[in-house]
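Q: Can you walk me through this one? Quick answers are fine.

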Amino acid sequence: MWTPVINNKELSNAVKDRIMAIHKALKGQELQNISLFEGQAGKILFDISFAETNNTCFDNEEILRDINLIYSKVNELDNLSLSRGLAGIFYLKDYLIKNDLIDCEKDEVEISEFFYSQSLTGEIDMDYLHGMNGIILRELEGKEKIDNKLMDRWIEFINKKCEATGDGEIKWKIASEQSDGEFRRVYSLGLAHGTPSLILILLKLYKRRRGQLERAIMDGAVKFLLNSKYKEQVEFTFPNQIIDGVKSRSRLAWCYGDLGCALALFLYGKEVKNNEIIKFAENVFDSHLSKLDPVKYNVLDADFCHGSVGIAHIYARMYNYTNYERYREYSEYWYKVTLDKANFGDGLAGFKHYAGDTGYVNNYGLLEGIIGIGLSLISAINKNEPKWDRCLLLSC
């Protein structure tokens with residue numbers, strides 16, 4: 001059972017109006033690509049949730065059209081990733097089967113073959129959105145029976161990529177674009193690309209088979225995360241990245257910053273029954289409850305990735321995990337901010353994505369556009385658990 005965070009009638013009606021506006025903006029759209037986080041596959045997730053929240057029949061004609069569009073273009077995908085590639089399409093397929101929206105599986109290229117070749121050559125990184133960890137999530141979410149051979153190879157892949165320190169830490173570097181446009185190898189503490197996502201995916205595997213190898217890596221990654229805290233007293237607990245020993249600034253968002261770190265620690269603590277880590281994670285969440293200024297905290301749009309709705313949704317999850325009223329209130333606040341950001345006359349349902357130097361642009365996507373905003377708004381007023389957010393690592 002899911003408890004929605006918005007129970008105020010006036011605010012609920014405003015949310016419903018915005019959801020309807022998003023539905024109208026998406027209706028009949030053939031998006032720029034078919035991917036899960038940027039395109040047509042994400043749109044299907046919204047259409048399913050929209051039908052459920054409005055107690056209406058699925059628009060089977062539109063969903064079928066979108067499914068056929070996706071499978072007609074699947075060969076155009078040039079990567080395996082969850083966000084932009086085949087793993088995201090297979091994730092959607094599994095979701096549709098579980099919801100009885102398609103009767104049989106489409107033929108798929110066996111992803112394990114790609115896994116073996118890519119892991120052996122080392123040509124793919126341990127990134128969640130764009131690399132191996134997202135591919136593994138799809139395998140864990142989509143299969144009733146674990147492919148233990150594949151999981152063992154993933155563990156081997158992790159061991160090859162990671163650095164194990166003498167004090168038990170496990171960490172690894174990824175290529176990350178910096179503000180000067182250069183790519184550098186960094187330790188990432190972001191949920192989108194770094195240590196928290198590895199902890200959460202290992203946690204899913206550990207729940208399934210209780211393997212000591214994944215437990216050891218997970219414990220080492222947690223130790224690295226806890227040891228990466230800022231030493232000085234600042235507004236945040238964890239940096240976004242560590243570059244050449246220097247800890248970068250943090251932010252209030254899904255993609256990077258304290259919220260993803262705290263969520264990973266909270267769910268890890270729950271699973272291994274470590275009350276000290278659970279309390280630490282809750283304290284991190286509590287430390288942000290006074291942060292109410294979107295401009296001061298660089299919350300420049302409503303998107304899920306680094307905007308207001310991502311903050312709202314994470315605290316809605318934490319409210320449902322803990323039943324702490326303070327998390328419900330904070331989530332509701334950021335949903336109000338989200339509605340306020342629908343202020344562009346030429347936007348999609350009023351929303352635009354902030355694209356840095358490019359300024360504000362229209363975006364349909366799940367991660368940076370109205371699909372993700374709409375999905376989260378639906379969960380704010382609806383009693384159906386938002387199981388779609390498993391692809392964003394917000395539930396185990």
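A: Start with I70, a residue of helix α3, which spans 60-73. Helices here are DSSP runs of H or I, at least four residues, and strands are E runs of at least two, numbered from the N terminus. The model is predicted: local features need pLDDT of at least 70, side-chain atom pairs count only at 80 or more, and totals for chains, interfaces and linings use all residues. Residues are numbered from 1 along each chain as its sequence is written, and side-chain values use heavy atoms, without hydrogens and water.

Q: Is I70 buried or exposed?
A: I70 is buried, at 1% relative accessibility. Buried means under 20% relative accessible area, exposed over 50%, partly exposed in between (1.4 Å probe, protein chains only).

Q: What does I70 touch, not counting residues up to four places away in sequence?
A: I34, Q40, A41, I44, I89 and L92. Contact means heavy atoms within 4.5 Å.

Q: Switching to cysteines. How many disulfides?
A: Zero. A disulfide would need two cysteine sulfur atoms within 2.5 Å.

Q: Why is C305 not bonded to C255?
A: Because their sulfurs are 3.9 Å apart, too far for a bond. C305 is buried too, with 8% relative accessibility.

Q: And the sheet, in what order do the strands run?
A: The open sheet has four strands, ordered β3-β4-β5-β6, with antiparallel pairing. Its edge strands are β3 (174-177) and β6 (246-247). Pairing takes at least two DSSP bridges between two strands.

Q: How many bridges join β3 and β4?
A: Four, with β4 covering residues 183-188. In one of them, E177 partners F183 of β4.
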